[in-house]
Amino acid sequence: MDRSSDLGGIAAMLAATAVFVVGDSFMKLVTEDLPPFEVLFLRSIAASLACAVIVALRGDWRFISGALDGRALLRAAGETLCTLCYVVALARMPIADVIAILQTGPLILILAAAVLLHERIGPARGALALVGFAGALMVAQPSASGVSPAVLLAFAAALLGAVRDLAGRTVPTRIPVMVVNFATMLVMTLAAGAMSLGVETWTAPNGRHLTSLVLAGVLVTFGHVGLLLAYRLGRPASVAPFFYSFALWGVVSGLIVWGALPNALALAGIALIVGSGIAIIVLGQRRGREEIALSDAL
């Protein structure tokens, strides 16, 4: 791949993360009037339909049986639990803060891979992961009475996101990404509907709510398409660091939609999370090049 391909992949990644945040902003606005699980249920219906259309356009229906693969369903369960926690935290926290805490998911994944899969992470990456967690605490800003339930849910979403990614590693490559996403959306629709019926009082949505949630559902689907396109256009080594633009878009959304910026301590924490995540990616790239050079020498 040449430089122009990398630039295309980076642009796709920036667009994908921005699209995700715009969709989340629509959801957060609707949660001001409707219960969070109801909001997620309605958005998931729209996302499932949008995902089904993309699967059909890509000609992936012949692989649809892969949606029932146990490993794909395990990933779907992890994503569903992650999103259930995330949507409640999103309804009760500034969008920039909850997105920043969610960005610790890859840091958790690194430590989990070291402990559960016995992968070598090295002292530098371990230290950077701890720096990222310190940044997350600066965003959370626990008081003398402890950490708020919403913040705990944001951290739970990050942890479950790491579980999802670990499960995603086991999904066979023969199952197309969009089929896996379709399975995830269906599981999420069922889970959010059950949670809404079980613990919430249904509130009738109006036209504005439905329009916002349809847009959110379409946007989350196109966000996944953007991620797929980013890694197809550019080299993962060039594209991956720009995944952390999520945090930047979260700050921008909070400022434009709600007229609020995180305080100085939280902004410093966001910078630590983003910086440590990018540094870990760069270290991983360097180690990979060194291993390739060593194998060539042998």
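The legends below describe close-up views of a predicted model.

**View 1. The largest nonpolar core and the residues that touch the most other members.** This core has 58 residues, and those in touch with the most other members are Met 27, Leu 40, Met 93, Val 98, Ile 99, Ile 101 and Ile 270. Helix α3, which covers residues 70-92, gives the core its largest share, with 8 residues. Another core of 13 residues lies apart from it, and includes Ala 72, Ile 175, Val 179 and Ala 183. In soluble globular proteins, nonpolar side chains tend to be buried together.

**View 2. The surroundings of Ile 270.** When its neighbours within four places in sequence are left aside, Ile 270 is in contact with Ala 96, Ala 100 and Val 139, and likewise with Ala 247, Val 251 and Pro 262. Of these partners, Val 139 is also listed among the buried residues of helix α6.

**View 3. The aromatic pair of Phe 41 and Trp 202.** The structure holds 5 aromatic pairs. In the pair shown here, the ring centres of Phe 41 and Trp 202 are 6.3 Å apart and the planes meet at 75 degrees, so the arrangement is edge-to-face. Because Phe 41 belongs to helix α2 (residues 36-57) while Trp 202 sits in the loop between α8 (177-199) and α9 (207-233), the pair ties together parts that are 161 residues apart in sequence. Trp 202 has a relative accessibility of 43% and therefore counts as partly exposed.

**View 4. The aromatic pair of Trp 61 and Phe 182.** These two rings are also paired edge-to-face, with 5.7 Å from centre to centre and 80 degrees between the planes. Trp 61 is located in the loop between α2 and α3 and Phe 182 in helix α8, so that parts 121 residues apart in sequence are tied together by the pair. The relative accessibility of Trp 61 is 39%, which places this residue in the partly exposed class, whereas Phe 182, at 10%, counts as buried.

**View 5. An aromatic cluster, and a lysine over a tryptophan ring.** Phe 20, Phe 243, Tyr 244 and Phe 246 are linked into a cluster by ring pairs. Shown with this cluster is Lys 28, which lies over the face of Trp 258 at 5.7 Å from the ring centre.

**View 6. Helix α6 and the loop that comes before the helix.** Arg 120 has its place in the loop between α5 (105-116) and α6 (122-140), and with a relative accessibility of 73% this arginine counts as exposed. From C-alpha to C-alpha, Arg 120 is 9.4 Å from Ile 110, although the two are 10 residues apart in sequence. At 1.5 Å a residue, the 19 residues of α6 should span 27 Å, and this agrees with the 27 Å between the end C-alpha atoms of the helix. The buried residues of α6 are Arg 125, Gly 126, Ala 129, Gly 132, Gly 135, Ala 136, Val 139 and Ala 140. Gln 141, just after α6, takes a positive phi of about 50 degrees.

**View 7. The buried arginine of helix α7.** Arg 164 is found in helix α7, residues 149-168, and its relative accessible area of 18% falls under the 20% limit, so this arginine is classed as buried. The side chains of Arg 164 and Glu 79 are joined by a polar contact of 2.6 Å. With its neighbours within four places in sequence left aside, Arg 164 is in contact with Arg 75, Gly 78 and Cys 82 as well as with Glu 79.

Definitions and conventions:
Residues are numbered from 1 along each chain as its sequence is written. This is a predicted model: local features need pLDDT of at least 70, side-chain atom pairs count only at pLDDT 80 or more; totals for chains, interfaces and linings use all residues. Side-chain values use heavy atoms; hydrogens and water are left out. A nonpolar core is a set of buried Ala, Val, Leu, Ile, Met, Phe, Trp, Tyr and Cys residues joined through side-chain atoms within 4.5 Å. Buried means under 20% relative accessible area, exposed over 50%, partly exposed in between (1.4 Å probe, protein chains only). Helices (H or I, at least four residues) and strands (E, at least two) are DSSP runs, numbered from the N terminus. Contact means heavy atoms within 4.5 Å. Rings of Phe, Tyr and Trp (its six-membered ring) pair if their centres lie within 6.5 Å; planes under 30 degrees apart count as stacked, over 60 as edge-to-face and the rest as tilted. A charge sits over a ring if NZ of Lys or CZ of Arg is within 6 Å of the ring centre and within 35 degrees of the ring normal. The expected span of a helix is 1.5 Å times one less than its number of residues. A polar contact is a pair of N or O atoms within 3.5 Å; within protein, one must be able to donate a hydrogen and the other to accept it, and residues adjacent in sequence count only if both atoms are side-chain atoms.
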